[in-house]
Amino acid sequence: MRKKIIIANWKMNHDFYETTSFIRNLLKFIFERKIYHKKKIIISPSFPFLHISNQIIQGTTLNIAAQNIHYMDNGSYTGEVSASMLKSIGIQKIILGHSERKKYFIETNDILFKKIQKGLQYNFDIIFCIGETLIERETKKHFLIIKKQLEETIFKFSLKYIHHFIIAYEPIWAIGTGNTAYPEEIKKMHEYIRFLFKKKYGENISNNISILYGGSINDINAKNIFSINNVDGGLIGNASLKIEKFLTIIQS
Ligand code: PEP
């Protein structure tokens with residue numbers, strides 16, 4: 001049985017006080033409601049607050065993830081953060097391939113391949129985002145695009161690494177727009193992604209890999225989305241910034 005996974009991607013939001021008080025309140029809630037057996041919850045704050053966030057969650061079931069790494073170990077890359085730096089403060093999970101990184105920082109599949117390679121070298125668990133643009137969907141290229149994104153990145157790695165991955169299917173046109181994909185569209189794509197993993201790595205891997213949906217999940221639609229076949233949880237942006245909304249999503 002795959003456990004449901006809920007990931008809060010805070011992007012470039014929340015200062016020191018907002019980050020720490022949110023995480024403390026969330027822990028209180030998780031403890032009071034005893035929801036620690038049922039779900040895996042991962043929070044992804046900004047780089048400056050990863051260390052303190054990771055200290056706060058020690059000894060709890062909450063997890064922290066970074067939003068990016070560079071593919072080099074160190075060097076003259078002003079403003080960048082390396083895998084080894086994150087490891088040195090105890091971070092074990094990273095998000096890679098988010099569509100905003102692709103859009104604003106021109107992260108191609110080739111760059112993502114190198115980032116995955118570096119992440120695996122440092123034994124990170126990787127939340128890997130894939131998704132198509134609106135034009136790609138409208139021209140019915142969405143299945144092809146998803147296949148290409150996987151073939152040029154994760155599928156270049158051997159079976160022994162696959163337990164490190166969580167897949168987040170995020171149609172780009174649904175991120176931050178308030179337009180979620182229709183349940184039937186989500187169902188078909190999640191089925192397809194699982195099928196691709198089966199074809200590449202076999203039934204066991206395909207049954208065990210977690211495939212999350214992301215794109216305008218909120219406190220109202222979460223329950224519906226999480227009940228779709230093959231949806232193992234969600235990657236949540238906007239609605240994860242307000243604790244009341246995020247708590248409702250967790251309870252969905
Ligand atoms: C995201 O950034 O991954 C995301 C899904 O954002 P939102 O929930 O705001 O659409």
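Which backbone N or O atom lies 2.9 Å from an oxygen atom of the ligand? The points below address this question and then the surroundings of the site; the model under review is a predicted one.

1. The atom in question belongs to N238: a backbone N or O atom of this residue lies 2.9 Å from an oxygen atom of the ligand. The protein covers 99% of the 290 Å² of accessible area that the ligand has on its own.

2. Two further polar pairs involve the ligand. An N or O atom in the side chain of K11 is 2.5 Å from a ligand oxygen atom. For S216 the partner is a polar backbone atom, at 2.8 Å from an oxygen atom of the ligand.

3. The ligand is surrounded by 14 residues, and those that come nearest are K11, H98, E170, G176 and S216. Sorted by class, this shell holds eight polar, four nonpolar and two charged residues.

4. H98 also has a link to strand 1. The side chain of H98 makes a polar contact of 3.4 Å with the side chain of N9, and N9 itself is placed in strand 1. N9 counts as buried because its relative accessibility is 5%, where the cut-off for buried is under 20%. Leaving out residues up to four places away in sequence, N9 touches S44, Q67, I95, H98, L235, I236, G237 and S240.

5. Strand 1 (residues 4–9) pairs with strand 8 in the parallel sense, through four bridges. Within this pairing, I6 has G234 as its bridge partner. Strand 1 is also joined to strand 2, again in parallel, by six bridges; here N9 stands opposite S44.

6. Strand 8 (residues 233–236) has G233 and L235 pointing one way and G234 and I236 pointing the other, and all of these are buried. In a regular strand the side chains alternate between the two faces of the sheet. Strand 8 also pairs with strand 7 (residues 210–214), in the parallel sense and over two bridges. In that pairing Y213 stands opposite G234, the residue that is also the bridge partner of I6.

7. How many of the six residues of strand 2 are buried? Five are, so strand 2 (residues 39–44) is largely enclosed by the rest of the structure. Strand 2 runs parallel to strand 3 and is joined to it by two bridges, with I43 standing opposite I64.

8. Strand 3 (residues 63–66) is in turn joined to strand 4 by two bridges, and this pair too runs parallel. A65 stands opposite K93 of strand 4. Strand 4 (residues 93–96) is covered on both faces: K93 and I95 on one side are buried, as are I94 and L96 on the other. I95 appears as well among the residues touched by N9.

9. Turning to the helices, T20 is placed in helix 1 (residues 16–33). Is T20 buried or exposed? T20 is buried, because its relative accessible area is 5% and the limit for that class is under 20%. A polar atom of the T20 side chain lies 3.2 Å from the backbone oxygen of Y17. Apart from neighbours within four places in sequence, T20 is in contact with I52 and I56.

10. I145 is found in helix 7 (residues 142–151). With a relative accessibility of 17%, I145 counts as buried. Not counting residues up to four places away in sequence, I145 touches G131, E132 and E136. From I145 to T133, 12 residues apart in sequence, the C-alpha to C-alpha distance is 9.2 Å.

11. S88 belongs to helix 3 (residues 83–88). S88 counts as exposed because its relative accessibility is 60%, the cut-off being over 50%. The C-alpha atoms of S88 and F113 are separated by 23 Å, and the two residues are 25 places apart along the chain.

Terms used: Residues numbered from 1 in each chain as written. Predicted model: local features only at pLDDT ≥ 70, side-chain atom pairs only at ≥ 80, totals over all residues. Heavy atoms only, no water. Near = heavy atom within 4 Å. Polar contact = N/O pair within 3.5 Å; in protein donor to acceptor, adjacent residues only side chain to side chain. Areas by Shrake-Rupley, 256 points an atom, 1.4 Å probe, with all protein chains shown as cover. Nonpolar A, V, L, I, M, F, W, Y, C, P; charged D, E, K, R; others polar. Buried < 20%, exposed > 50% of the residue type's maximum accessible area, 1.4 Å probe, protein only. Pairing = 2+ DSSP bridges. Contact = heavy atoms within 4.5 Å.
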